[in-house]
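Here is a short briefing to read alongside the sequence and the model. Take a look at the fold, and then we can walk through it together.

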Amino acid sequence: MIQSDLEWLKLHRNYLYVSTKVGVGDAQKIYDIYNRLTGQKKAPNGCGSCMRNTIKLIKQHYEKATKTNG
């Protein structure tokens with residue numbers, strides 16, 4: 001995970017830990033982070049279940065990165 005993604009996620013932690021409505025711009029950022037992590041080319045599509053699964057994977061990577069970096 002790149003540093004700018006970590007910094008953005010630290011500012012928007014509520015998306016990782018609280019069920020929160022995600023705005024269009026933030027949804028695109030979440031999918032951009034997901035695509036960098038997985039190499040896929042997913043895009044926001046309005047599917048709540050898809051967003052939850054995307055955030056779940058990002059959360060796993062985020063927690064792993066912040067645990068090793070303090």
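Asp5 is a good place to begin: this residue is buried, because its relative accessible area of 2% is under the 20% cut-off. Asp5 sits in helix α1, and its contacts beyond four places in sequence are Lys29, Ile33 and Arg36. Please keep in mind that this is a predicted model.

**Confidence**

- The protein chain has a mean pLDDT of 92, with 96% of its residues at 70 or more.
- Confidence is highest in helix α3, residues 24-38, where the mean is 96.
- Confidence is lowest in helix α4, residues 48-69, where the mean is 90.

**How α1 meets α3**

- Two packed helices are described by the angle between their axes and the distance between the axes.
- Here the axes of α1 and α3 come within 11 Å and cross at roughly 140°.
- The pair therefore counts as oblique, because that angle does not go over the 145 degrees needed for roughly antiparallel.
- The crossing of α1 past α3 is left-handed.
- Asp5, Trp8 and Leu9 make the contact from the α1 side, and Asp26, Lys29, Ile30, Ile33 and Arg36 make it from the α3 side.

**The nonpolar core**

- In soluble globular proteins, nonpolar side chains tend to be buried together.
- The largest nonpolar core in this model has 16 residues.
- Which residues have the most contacts inside this core? They are Trp8, Leu9, Leu16, Val22, Ile30, Met51 and Ile58.
- Helices α1 (3-11), α2 (14-17), α3 and α4 each supply at least two residues of the core.
- Leu9 touches Met1, Leu16, Ile33, Ile58 and Tyr62, leaving aside residues up to four places away in sequence.

**The start of the chain**

- Both Met1 and Ile2 lie in the segment before α1.
- Is Met1 buried, exposed or partly exposed? With a relative accessible area of 34%, Met1 is partly exposed, because that value falls between the 20% and 50% cut-offs.
- Not counting residues up to four places away in sequence, Met1 touches Leu6, Leu9, Leu37, Ile58, His61 and Tyr62.
- Ile2 is partly exposed too, at a relative accessible area of 41%.
- From Ile2 to Arg36 there are 34 residues in sequence, and the C-alpha to C-alpha distance is 8.8 Å.

**Leu37 and its partners**

- Leu37 is found in helix α3 and is partly exposed, with a relative accessible area of 23%.
- How far apart are the C-alpha atoms of Met1 and Leu37? They are separated by 6.6 Å, with the two residues 36 apart along the chain.
- For Leu37 and Leu11, 26 residues apart in sequence, the C-alpha to C-alpha distance is 19 Å.
- Outside its neighbours within four places in sequence, Leu37 is in contact with Met1, Leu57, Ile58 and His61.

**A look at α2**

- Asn14 is found in helix α2.
- Asn14 counts as partly exposed, because its 35% relative accessibility lies between the 20% and 50% cut-offs.
- The C-alpha atoms of Asn14 and Lys42 are separated by 22 Å, and the two residues are 28 apart along the chain.

Key:
Residues numbered from 1 in each chain as written. Predicted model: local features only at pLDDT ≥ 70, side-chain atom pairs only at ≥ 80, totals over all residues. Heavy atoms only, no water. pLDDT = per-residue confidence, 0-100. Helix = DSSP H or I, 4+ residues; strand = E, 2+ residues; numbered from the N terminus. Core = buried A, V, L, I, M, F, W, Y, C linked by side-chain atoms within 4.5 Å. Buried < 20%, exposed > 50% of the residue type's maximum accessible area, 1.4 Å probe, protein only. Contact = heavy atoms within 4.5 Å. Axes fitted to C-alpha atoms, helices over the stretch in contact; angles between N-to-C directions. Parallel < 35°, antiparallel > 145°, perpendicular 65-115°, else oblique. Left-handed = near helix turned anticlockwise from the far one by under 90°.
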